[in-house]
Amino acid sequence: MDLQMPDDEFDALVQEAIEAIPQAALEMMDNVIFFVEDEYEPLPGEPENAEILGIYEGVALTERDHDWAAGAMPDRITIFKNPTLRACLTREDVVREIGITVMHEVAHHFGIDDARLHELGWG
């Protein structure tokens with residue numbers, strides 16, 4: 001049986017992970033909104049059983065040019081509740097996994113790719 005957690009408790013853990021982002025990084029972040037959703041909806045061509053814990057959607061800071069801001073929608077970082085709970089056995093695991101996932105997706109906002117994140121132990 002999957003670990004269960006009320007939405008408000010999960011949301012609070014995500015908020016705590018966001019608040020744990022170092023202040024210097026928060027000050028450099030630009031035009032980013034965080035969301036929590038229940039499930040990841042695979043894109044066409046992706047496996048239907050993909051267990052994605054979080055996703056960054058936007059234009060990394062390293063890829064923005066002088067024309068970027070004209071009409072740009074905010075970047076999105078989404079944390080997926082149910083895949084996170086399925087990947088964890090305890091509440092402590094959930095806290096740790098949310099923290100890792102938030103930092104992983106924030107790193108993508110800064111232009112750090114998955115390969116480098118794996119090298120750094122965040123993948």
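A residue counts as buried when its relative accessible area is under 20%, and as exposed when that area is over 50%, with partly exposed in between. On that basis, 33% of the 123 residues of this protein are buried. Please keep in mind that this is a predicted model.

I will start with the overall layout. The protein has five helices and three strands. Going along the sequence, the order is α-α-β-β-β-α-α-α, with the strands sitting between two helices before and three after. The radius of gyration comes out at 15 Å, close to the 14 Å that the globule rule gives for 123 residues, so the protein is as compact as a globular protein of that length. If you put a box around the C-alpha atoms along the principal axes, its dimensions are roughly 50 × 35 × 30 Å.

Next, contacts and surface. Take the contacts with a separation of 6 or more: 73% of them join residues 24 or more positions apart. The exposed surface is about 7600 Å², and 53% of that is supplied by carbon and sulfur atoms.

On charge, the protein carries 7 positive and 28 negative charges. The mean positions of the two sets lie 4 Å apart.

Now two residues in detail, beginning with Glu-37. Where is Glu-37 placed? Glu-37 belongs to strand β1, which covers residues 32-37. Its relative accessible area is 31%, so Glu-37 is classed as partly exposed. Setting aside residues up to four places away in sequence, Glu-37 touches Arg-76, Thr-78, Ile-79, Phe-80 and Lys-81. With Arg-76 there is also a polar contact, side chain to side chain, at 3.1 Å. For a distance along the backbone, Leu-85 is 48 residues from Glu-37 in the chain, and the two C-alpha atoms are 12 Å apart.

The second residue is Lys-81, one of those that Glu-37 touches. Lys-81 is in helix α3, residues 81-86. Is Lys-81 buried or exposed? Its relative accessibility is 7%, and the cut-off for buried is under 20%, so Lys-81 counts as buried.

What is Lys-81 in contact with, leaving aside its neighbours within four places in sequence? The list is Met-5, Pro-6, Asp-7, Phe-10, Val-36, Glu-37 and Asp-38. Glu-37 on that list is the strand β1 residue from before.

To recap the pair: Glu-37 is partly exposed at 31%, while Lys-81 is buried at 7%. That is the end of my part.

Key. Residues numbered from 1 in each chain as written. Predicted model: local features only at pLDDT ≥ 70, side-chain atom pairs only at ≥ 80, totals over all residues. Heavy atoms only, no water. Helix = DSSP H or I, 4+ residues; strand = E, 2+ residues; numbered from the N terminus. Rg over C-alpha atoms; globule rule 2.2 N^0.38 Å. Buried < 20%, exposed > 50% of the residue type's maximum accessible area, 1.4 Å probe, protein only. Contact = heavy atoms within 4.5 Å. Areas by Shrake-Rupley, 256 points an atom, 1.4 Å probe, with all protein chains shown as cover. Lys, Arg positive; Asp, Glu negative; His and termini not counted. Charge placed at Lys NZ, Arg CZ, Asp CG, Glu CD. Polar contact = N/O pair within 3.5 Å; in protein donor to acceptor, adjacent residues only side chain to side chain.
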